[in-house]
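User: Please take me through one part of this model in detail, beginning with a single position and then working outward to the elements and loops of the rest of the chain. I would like one connected account.

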Amino acid sequence: MKLNRPIPDSPDNTRADALRQSIAAVRQGIAEAADRAGRQSDTIRLMAVTKTVSPQDVNTAIGEGITLLGENRVQEFFSKREEYLSPHEVHFIGHLQTNKVRQIVGAVEMIQSVDSIHLAEEIDRVSQKKGLVTPILLEINIGRQETKSGVLPEVLPELLERAAALPGLRVEGLMAIPPQENAAYYFAKMQELFIDISSKKVDNVYMSTLSMGMSQDYKEAIQYGSTLVRIGTGLFGSRK
Ligand SMILES: *Cc1c(COP(=O)(O)O)cnc(C)c1O
């Protein structure tokens, strides 16, 4: 555990102020969407997605009580993480190559982007070697987009069954990045899959997290049962 140091004032206070405002606005947006869906807003976690964001901005967010960070890139994560203030939790959300699994297992609290049996098996192997059980989400290519990662919905039952049998893993839910067009349609499909699997009560499968919704569509995702929204641009501004 790192020490929980006080957060130094940013030399660029206007930037920090703007950041605080956008954090407040997103929290407000989550609360309103939850209200509309008849849900408690504390059933929805806000993740700050940190790709290309400076550690200083990440620390401003942590200072505002953001406790969950999403990392896409292994190298970038390792170059920044020493500078991050405590307390925070990190989930890996980017495409993970099997040769980077050794670095990531044990360095993050969850891997959200498990999109093949091969990757699941490698995470299991490394986790067991390190004496860990790694919480994972299965990433679904719900829009069947050729350029996107994730398993196709019809492959999910097989991946789920195989992953559930691996002692170094703990399946905690599903993740998706739906197409921007007709996002609501795909969120509804994800919710269906999520409910369907939850009702089956498979051993070693704990459907607690449905990770969907980004800056453009998180309010819609909340209407369809998202329990974790992943926000980059909406908090930190557009990426260079
Ligand atoms: C970049 C990214 C996000 C955040 O996207 P924004 O549109 O900037 O909010 C969420 N999830 C994943 C997997 C990402 O790569």
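Analyst:
**A close look, from one residue outward**

Ser-208 counts as partly exposed, because its relative accessibility is 45%. Everything said here refers to a predicted model. The residue belongs to strand E7, which covers residues 205-211. Leaving aside residues up to four places away in sequence, Ser-208 touches Glu-172, Phe-194 and Thr-227. One of these partners, Glu-172, can be placed in strand E6, since that strand is given as 169-176, and Phe-194 falls within helix H7, given as 183-200. For a sense of distance across the fold, Ser-208 may be set against Val-90: the two are 118 residues apart in sequence, and their C-alpha atoms are 17 Å apart in space.

The setting of this residue is a protein with nine helices and eight strands. Its radius of gyration is 18 Å, close to the 18 Å that the globule rule gives for 240 residues, so the protein is as compact as a globular protein of that length. The C-alpha trace spans about 50 × 45 × 30 Å along its principal axes. Of the 240 residues, 50% are buried, and the protein exposes about 11,900 Å², with carbon and sulfur atoms supplying 49% of that area. Among contacts with a separation of 6 or more, 60% are between residues 24 or more positions apart. As for charge, the mean positions of the 28 positive and 30 negative charges are 3 Å apart.

From the partly exposed serine, the account can turn to a part of the chain with more cover. Strand E1, residues 45-49, is largely enclosed by the rest of the structure, because four of its five residues are buried. E1 pairs with strand E8 (residues 228-231) through four bridges, and these two strands run parallel; within that pairing, Met-47 stands opposite Arg-230 of E8. E1 is also joined to strand E2 (residues 68-71), by two bridges and again in parallel, and here Val-49 has Gly-70 of E2 as its bridge partner.

E2 itself deserves a look at each of its faces. In a regular strand the side chains alternate between the two faces of the sheet. Leu-68 and Gly-70 lie on one side of E2, with Leu-69 and Glu-71 on the other, and all of these are buried, so that both faces of the strand are covered.

E2 also takes part in covering a helix. H2 (residues 55-63) is mostly covered, with seven of its nine residues buried, namely Pro-55, Asp-57, Val-58, Asn-59, Thr-60, Ala-61 and Ile-62. The cover over these buried residues includes E2 together with three helices, H1 (13-36), H3 (74-80) and H9 (233-236). After H2 comes Gly-65, whose phi is positive, near 95°.

The loops add several local details. Thr-43 sits in the loop between H1 and E1, and it is partly exposed, its relative accessible area being 38%. Although Thr-43 and Ile-222 are 179 residues apart along the chain, their C-alpha atoms are separated by 10.0 Å. Further along, the peptide bond from Ser-86 to Pro-87 is cis, with omega near -5°, and Pro-87 belongs to the loop between H3 and strand E3 (89-92).

Two other loop residues that are not glycine have a positive phi. For Arg-144 the value is near 50°; this arginine is found between strand E5 (134-140) and helix H6 (156-164), and with a relative accessibility of 47% it counts as partly exposed. For Asn-182 phi is near 55°, and the residue lies in the loop between E6 and H7. Asn-182 is exposed, its relative accessible area being 56%, and the cut-off that separates it from the partly exposed arginine is 50%.

Returning to the starting point, Ser-208 in E7 is likewise partly exposed, at 45%, whereas four of the five residues of E1 are buried.

Conventions. Residues are numbered from 1 along each chain as its sequence is written. This is a predicted model: local features need pLDDT of at least 70, side-chain atom pairs count only at pLDDT 80 or more; totals for chains, interfaces and linings use all residues. Side-chain values use heavy atoms; hydrogens and water are left out. The radius of gyration is taken over C-alpha atoms; the globule rule is 2.2 Å times the number of residues to the power 0.38. Buried means under 20% relative accessible area, exposed over 50%, partly exposed in between (1.4 Å probe, protein chains only). Contact means heavy atoms within 4.5 Å. Accessible areas come from the Shrake-Rupley method with a 1.4 Å probe; for residues, only the protein chains shown count as cover. Lys and Arg count as positive and Asp and Glu as negative; His and the chain ends are not counted. The place of a charge is taken as NZ of Lys, CZ of Arg, CG of Asp or CD of Glu. Two strands pair if DSSP finds at least two bridges between them.
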